Structure formats: structure tokens, C-alpha cells
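Visitor: I am new to this structure, and I would like to understand how the words used for it are earned. Could you take me through it step by step?

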Amino acid sequence: VSKILGSARRGLSSVSASPVASIPAERWGVVRALLRDDHAALDPQLPKLVHMLDERGAGECWHKHGTFKEHLVDTHNVLRLWGQPTFLCRLGLFHSAYSNSYVNLAIFDASADRQLVAGAIGAEAEALTHKLCVVPRHTMVWDTLAEEGKIPAEGMTVAHIKTGEEVHLSAAELRHLLVFTMVDIA
């Protein structure tokens, strides 16, 4: 037993004393803002955006392991920590705002509120958020992209989950949605 313990102790000495030593210097501002719950340091618009979610009752709906609002903010924060662009982080914050193929927690009406949401999170983030809410995400991600093991250069066309109309996602949009999906299911 002492031989095994001695071997384990020697192995530990080669482990970095600080697991945060591997965090790149440019990510420290994000880490600090997350630890301090400083939304404005993550994105100057984030306090206003979180307030919008509050006004729509996102904190009153249960989702996964907490409230819908907590899930949306956490999704935003992980995307920010991963160094994703602002529009993708904002997509993470509003990703199920119009409901989607997994959950029916629409806090915004896609037929009436798209301009309001676009004005808040930006046109690019809103457009991709809307697409995310109307495509069969499970089929796209698991049954097609994961099965094929690649993103088609021409993108992908799928049926709208409610109308059946064709919805095209470019290869770039698919890459963004895959990154987002990794965070969403984590």
C-alpha cells in the first residue's frame, strides 16, 4: 500500500499547483467578470438584455436545473468564456426565446416581436436565433451532422418545424449552431 501511495504522491507533484495556469491571459477579464457576476463587463448591453428576460418572465419558468433565465444567462456566459463572438453569445442568451423543437417556453412571439428582439440583440443574432427556434435541431445535429461527421460546404436545408417551409442554414450558421449546441446540452 505504501508503494502505491508513494507513487501517487510523486505523480501529484507533476500536476500544476494552479489549474487556472492554463487560462490564456486574454480570457482573465472574462473569468473575473463571471466570478464577480459583472454582466456589464461581459457585454455592455447584457444588464439591459437580462432585464428584458426578467420582464418576459424567464425567471419564473423552470428549465433543466433551474430557471429558464438562469439557463439562458449561463449559456451566454459559457459562450463568452469560450471566446465566441458577441452575436453568438447573445444568441445563447435568447436561444429559445421563440420556443424551439425541444421546449415550448416562448417568451417572445416570433410573429410580433422579431423587430424588438433584433433591436436588442442585433439583427445577426436575432436571425440565427429565429432559425434555431424553427428548425428540427435534434435531427440536424444528431441524425445528420454527427452521423456524417462534417458540415456540408453548401450548408443544409431543413423543414420549418411548424410550417414545413424550407429553411436553409449556411455552413457558417451550422458551425455557430454546433458550438452553441455543445454549450446548451452541457
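**Reading the predicted model**

Guide: Let us begin with one pair, Arg 90 and Asp 43, whose side chains meet in a salt bridge with 2.7 Å from N to O. Arg 90 lies in helix H6 and Asp 43 in the loop between helix H3 (39-42) and helix H4 (46-55), so the pair ties together parts that are 47 residues apart in sequence. Please keep in mind throughout that this is a predicted model.

Visitor: Why is the pair of Arg 90 and Asp 43 called a salt bridge?

Guide: The term asks for a side-chain nitrogen of Lys or Arg within 4 Å of a carboxyl oxygen of Asp or Glu. Arg 90 and Asp 43 have their N and O at 2.7 Å, and because the limit is 4 Å, the name applies. In general terms, side chains of opposite charge can pair when their charged atoms come close.

Visitor: How do you know whether Arg 90 is buried or exposed?

Guide: Buried means under 20% relative accessible area, and Arg 90 has 13%, so Arg 90 is buried. Its partner Asp 43, at 2% relative accessibility, also falls under that cut-off and therefore counts as buried.

Visitor: Which residues does Arg 90 touch, leaving aside those up to four places away in sequence?

Guide: Arg 90, whose place is in helix H6 (residues 86-94), touches Asp 43, Gln 45, Leu 49, His 76, Ala 120, Ile 121 and Ala 125. A touch here is a contact, that is, heavy atoms within 4.5 Å.

Visitor: How many salt bridges does the rule give for this model?

Guide: The count comes to six. Another of them joins the side chains of Glu 126 and Arg 114, at 2.6 Å from N to O. Glu 126 lies in helix H8 (residues 123-134) and Arg 114 in helix H7 (residues 114-121), so this pair ties together parts that are twelve residues apart in sequence.

Visitor: What makes Glu 126 buried, and why is Arg 114 called partly exposed?

Guide: Glu 126 has a relative accessible area of 4%, which is under the 20% that sets the limit for buried. Arg 114 has 30%, and because partly exposed covers what lies between under 20% and over 50%, that is the word for Arg 114.

Visitor: What makes Lys 131 and Glu 173 a salt bridge?

Guide: The closest N and O atoms of Lys 131 and Glu 173 are 3.0 Å apart, which is within the 4 Å that the term allows. This pair links distant parts of the chain, with Lys 131 in helix H8 and Glu 173 in helix H10, 42 residues apart.

Visitor: Where does His 160 lie, and how far is it from Lys 131 in space?

Guide: His 160 lies in the loop between S3 and strand S4 (166-169). From C-alpha to C-alpha, His 160 and Lys 131 are 8.7 Å apart in space, although they are 29 residues apart in sequence. His 160 is buried because its relative accessible area of 16% is under 20%, and, leaving aside residues up to four places away in sequence, His 160 touches Val 134, Glu 165 and Val 167.

Visitor: Why is the patch of Asp 143, Glu 147, Glu 148 and Glu 154 called negative?

Guide: Asp and Glu count as negative, and the patch is formed by Asp 143, Glu 147, Glu 148 and Glu 154. One of these, Glu 154, is found in the loop between helix H9 (137-148) and strand S3 (156-159). Glu 154 has a relative accessible area of 60%, which is over 50%, so the word exposed applies.

Visitor: Which residues make the nonpolar surface patch?

Guide: Val 78, Leu 81, Trp 82 and Met 182 make this patch of about 350 Å². Met 182 lies in helix H10 (residues 171-185) and is partly exposed, with a relative accessible area of 46%.

Visitor: What makes the phi of Asp 37 worth a remark?

Guide: The phi of Asp 37 is near 55°, a positive value in a residue other than glycine. Most residues other than glycine have a negative phi. Asp 37 is found in the loop between helix H2 (28-35) and H3, and with a relative accessible area of 54% Asp 37 is exposed.

How values were computed: Residues are numbered from 1 along each chain as its sequence is written. This is a predicted model: local features need pLDDT of at least 70, side-chain atom pairs count only at pLDDT 80 or more; totals for chains, interfaces and linings use all residues. Side-chain values use heavy atoms; hydrogens and water are left out. Patches are made of residues with over 30% relative accessible area and no salt bridge: like charges are joined within 9 Å, nonpolar side chains (Val, Leu, Ile, Met, Phe, Trp, Tyr) within 5 Å. Accessible areas come from the Shrake-Rupley method with a 1.4 Å probe; for residues, only the protein chains shown count as cover. The place of a charge is taken as NZ of Lys, CZ of Arg, CG of Asp or CD of Glu. Helices (H or I, at least four residues) and strands (E, at least two) are DSSP runs, numbered from the N terminus. Buried means under 20% relative accessible area, exposed over 50%, partly exposed in between (1.4 Å probe, protein chains only).
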